[in-house]
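Let's take a walk through a protein chain together. Keep the viewer open and turn the model as you read.

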Amino acid sequence: MGKVTREGAKRARAMLVVAMAACLPSSYVLAADGPKLTPAMRAAVVTHLEAELKSRYVFPDVAGHIATDLAANLKAGRYDQDVTTEAFADHLSRDIRASGNDRHLMVQFAPKFRSPPAGDPPPPTKADLDEEQAWVDKDGAGIAAVRRLPGNIGYIDLRQFPPADFVVPRYKAAMQLLAGSEGIIIDLRQNLGGDPHAVALLLSYFFRENDGRHLNDMYWRKDGSTDQFHTFPVDGQRLLAPVYVLTSARTFSAGEEAAYDFQTQKRGTLIGATTGGGANPGGMFALSDGFIAFIPAGRAINPVTKTNWEHVGVKPDIEIAPEKAFSTAYSKLIDLQLKAAKDPEEQDALRKALGDADHVEAPVPDYTPFHHD
């Protein structure tokens with residue numbers, strides 16, 4: 001993989017704005033509301049949004065369709081009652097997502113945001129890197145929990161994929177705790193996405209050393225280039241035990257990519273519900289009057305299926321209500337051990353673990369779909 005560039009880190013950070021708005025650096029802080037809007041301000045935002053979509057959106061024909069709908073909505077007075085920035089941003093977000101059928105599309109009010117400079121970004125300063133690291137650390141690098149469960153089952157709950165350069169020590173520590181597990185559960189049911197490099201970092205622990213597995217490609221409209229993502233050498237023990245990956249309708253973007261990669265590489269069994277259906281990566285761009293838009297500028301291309309999960313989501317191998325996915329996966333992993341166990345004491349311990357499967361998971365999950373309009 002090599003080092004992630006500052007531009008790559010900013011791109012990944014922008015892809016996480018919706019998931020981590022409460023803990024972003026000051027330049028990305030989203031304001032809940034701002035000044036009362038005038039008709040001229042609303043018109044300027046819509047006009048700028050139309051132009052950015054036509055210039056950047058990965059599918060130019062779809063961008064033209066969205067822009068036409070926006071202009072018609074503005075002319076018909078559909079936004080006249082949106083006098084607050086929060087209401088206007090929410091209205092625009094719902095409209096462009098519906099018109100473009102792309103759940104990554106989003107508008108926010110963030111007056112401190114500044115678009116990345118054109119061309120090659122300047123080298124990051126120490127202050128830049130410290131700010132980035134503090135942002136990642138504040139949310140635990142997206143790792144909500146790492147546990148060793150009865151029956152020697154490892155469990156990791158991942159809520160985001162922050163920029164890869166800033167999560168390496170956290171991932172290494174988490175994988176050390178999981179090493180030696182007889183089975184592993186990767187919980188992506190509340191994962192809203194992030195950096196594809198971090199997805200590759202995670203997957204790299206689940207294949208043999210020097211495997212070099214081709215996981216995913218990303219095509220970018222701007223220059224027609226394609227980024228490739230492979231597994232790569234990592235510091236620490238590889239985890240080769242059976243894997244179950246938990247999904248829900250909330251699983252989105254890079255969270256979906258991780259699930260799709262495990263599935264298409266036949267390295268893990270997916271269990272839960274079909275994911276949200278967002279496979280078009282992009283970034284945040286400034287509009288006028290303090291508004292910003294997330295505009296997908298690329299699309300994922302899986303090297304196995306030659307397609308992606310946009311609109312359709314990632315379909316699990318075992319479809320079940322998300323709230324039952326953990327206990328089902330846990331029971332299946334315990335059952336695998338029970339069938340192979342010869343020692344009576346080990347068999348008794350595994351039967352007890354199997355009987356307790358419904359009581360092992362932590363409570364209060366959130367499986368509502370991302371951008372649920």
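Before we look at any hairpin, we need a rule for pairing: two strands pair if DSSP finds at least two bridges between them. Helices (H or I, at least four residues) and strands (E, at least two) are DSSP runs, numbered from the N terminus. What you see is a predicted model, in which local features need pLDDT of at least 70 and side-chain atom pairs count only at pLDDT 80 or more, while totals for chains, interfaces and linings use all residues. Residues are numbered from 1 along each chain as its sequence is written, and side-chain values use heavy atoms, with hydrogens and water left out.

Now for the overview. The chain holds ten helices and twelve strands. Of its 373 residues, 53% are buried, where buried means under 20% relative accessible area, exposed means over 50%, and partly exposed is in between (1.4 Å probe, protein chains only). Contact means heavy atoms within 4.5 Å. If you take the contacts in the chain with a separation of 6 or more, 77% of them come from residues 24 or more positions apart.

Let's start with that hairpin. Strands S9 (residues 282-286) and S10 are joined by five bridges and run antiparallel. One pair to look for is Phe 285 with its bridge partner in S10, Ala 293. Four residues lie between the two strands of the hairpin, and Asp 289 takes a positive phi near 55° there. Asp 289 is a residue other than glycine, and its phi is positive all the same. Its relative accessibility is 39%, so Asp 289 counts as partly exposed.

Stay with S10 for a moment. How many of the six residues of S10 are buried? Six of the six residues in S10 (residues 291-296) are, so this strand is largely enclosed by the rest of the structure. In a regular strand, side chains alternate between the two faces of the sheet. You can follow this here: Phe 291, Ala 293 and Ile 295 point one way from S10, while Ile 292, Phe 294 and Pro 296 point the other way. S10 also pairs with strand S1 (residues 106-109), in an antiparallel arrangement with four bridges. Look for Met 106, whose bridge partner in S10 is Phe 294.

Next comes a sheet of six strands. It is open, its order is S2-S3-S4-S7-S8-S12, and its pairing is mixed. Strands of a sheet pair through backbone hydrogen bonds, either parallel or antiparallel. At the edges of this sheet are S2 (143-149) and S12 (318-319), each of which pairs on one side only. Further in, S4 (residues 183-187) and S7 (residues 243-247) pair in the parallel sense over four bridges. Here Asp 187 stands opposite Leu 246 in S7.

Helix H8 (residues 254-264) lies across S4, S7 and S8 (269-272), running at about 145° to S7. For such angles, axes are lines fitted to C-alpha atoms, for helices over the stretch in contact, and angles run from 0 to 180 degrees between N-to-C directions. Before leaving this sheet, find the loop between S2 and S3 (153-158), where Asn 152 sits. Asn 152 is not a glycine, yet it has a positive phi of about 60°. At 26% relative accessibility, Asn 152 counts as partly exposed.

Another open sheet has three strands in the order S6-S5-S11, with antiparallel pairing. Its edge strands are S6 (226-230) and S11 (298-301). On average, neighbouring strands of this sheet are turned by 20° against each other, direction ignored. S5 (residues 214-220) and S11 are joined by four bridges, and Trp 220 stands opposite Gly 298 in S11. Helix H7 packs on this sheet, touching S5 and S6, and its direction makes about 25° with that of S6.

H7 has a helix partner too. The axes of H6 (residues 168-178) and H7 (residues 196-204) come within 11 Å and cross at roughly 25°. H6 and H7 are therefore roughly parallel to each other; angles under 35 degrees count as roughly parallel, over 145 as roughly antiparallel, 65 to 115 as roughly perpendicular and the rest as oblique. The contact is made by Val 168, Tyr 171 and Met 175 of H6 and Ala 198, Leu 201 and Leu 202 of H7.
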